[in-house]
Amino acid sequence: MEFVMKQALGGATKDMGKMLGGDEEKDPDAAKKEEERQEALRQEEEERKAKYAKMEAEREAMRQGIRDKYGIKKKEEREAEAQAAMEANSEGSLTRPKKAIPPGCGDEPEAEDESILDTVIKYLPGPLQDMFKK
């Protein structure tokens with residue numbers, strides 16, 4: 001029966017035995033093959049990176065040609081110029097940070113003890129002033 005089963009499955013019994021934890025045939029060159037495979041993968045990765053770096057350099061050259069033709073500036077350049085312009089504008093402008101108040105300014109108490117209501121009443125016509133003073 002076993003013979004018939006092996007015949008029906010063909011070479012699949014070896015693979016089945018390996019999957020079930022049976023003895024595996026060790027390849028004496030397995031470590032060397034794995035090392036070569038890893039080296040080939042590294043080399044392919046380096047070639048891929050070089051290829052894409054070259055493509056990006058070509059694209060950037062094309063972009064720069066367009067920028068030069070139409071007078072467009074790179075985003076980094078625009079940001080740098082905007083920053084420099086803001087710094088230049090802030091010198092001596094009205095929006096600069098306030099300086100310390102010089103001594104003697106605003107220290108003395110108000111000479112008049114006048115309320116807002118008294119100030120408003122001063123500017124009213126005479127009859128209305130009399131009415132509010134009462």
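Let me start with a term: buried means under 20% relative accessible area. Keep that cut-off in mind. One more thing up front: this is a predicted model.

First, the overall picture. The protein chain has 6 helices and 0 strands. Read from the N terminus, its elements run α-α-α-α-α-α. There are 134 residues in the chain, and buried ones make up 3% of them. The accessible surface of the chain comes to about 13,000 Å². Carbon and sulfur atoms account for 57% of that surface.

Now to Arg67. Where does Arg67 sit? Arg67 is found in helix α3, which covers residues 30–70. Is Arg67 buried or exposed? Its relative accessible area is 14%, so Arg67 is buried.

What does Arg67 touch? Leaving aside residues up to four places away in sequence, Arg67 touches Glu60, Ile72, Lys73 and Lys74. Take Glu60 from that list. Arg67 and Glu60 form a salt bridge, with the closest N and O atoms 3.2 Å apart. Glu60 is partly exposed, at a relative accessible area of 25%.

Glu60 has another partner. The side chains of Glu60 and Lys74 meet in a salt bridge of 3.5 Å, N to O. Glu60 lies in helix α3 and Lys74 in the loop between α3 and α4, so this pair ties together parts that are 14 residues apart in sequence. Lys74 is partly exposed, with a relative accessible area of 28%.

Step back for the wider network. Salt bridges link Glu56, Arg59, Glu60, Arg63, Arg67 and Lys74. How many salt bridges does a search of the whole structure find? The search finds 9.

One of the salt bridges joins the side chains of Arg37 and Glu34, at 2.9 Å, N to O. Arg37 and Glu34 are separated by about one helical turn, because they are 3 residues apart in helix α3. Arg37 counts as partly exposed, at 43% relative accessibility. Glu34 also counts as partly exposed, at 35%.

Last stop: Ile72, from the contact list of Arg67. Ile72 lies in the loop between α3 and α4, and α4 covers residues 75–90. Ile72 is partly exposed, with a relative accessible area of 44%. Which residues join Ile72 in a nonpolar patch on the surface? They are Met62, Ile66 and Tyr70. Together, the four have about 450 Å² of accessible area.

To close, back to Arg67: a buried residue, in a salt bridge with Glu60, and touching Ile72 of the loop.

Conventions. Residues numbered from 1 in each chain as written. Predicted model: local features only at pLDDT ≥ 70, side-chain atom pairs only at ≥ 80, totals over all residues. Heavy atoms only, no water. Helix = DSSP H or I, 4+ residues; strand = E, 2+ residues; numbered from the N terminus. Contact = heavy atoms within 4.5 Å. Patch = residues over 30% accessible without salt bridge, like charges linked within 9 Å, V, L, I, M, F, W, Y side chains within 5 Å. Areas by Shrake-Rupley, 256 points an atom, 1.4 Å probe, with all protein chains shown as cover. Buried < 20%, exposed > 50% of the residue type's maximum accessible area, 1.4 Å probe, protein only.
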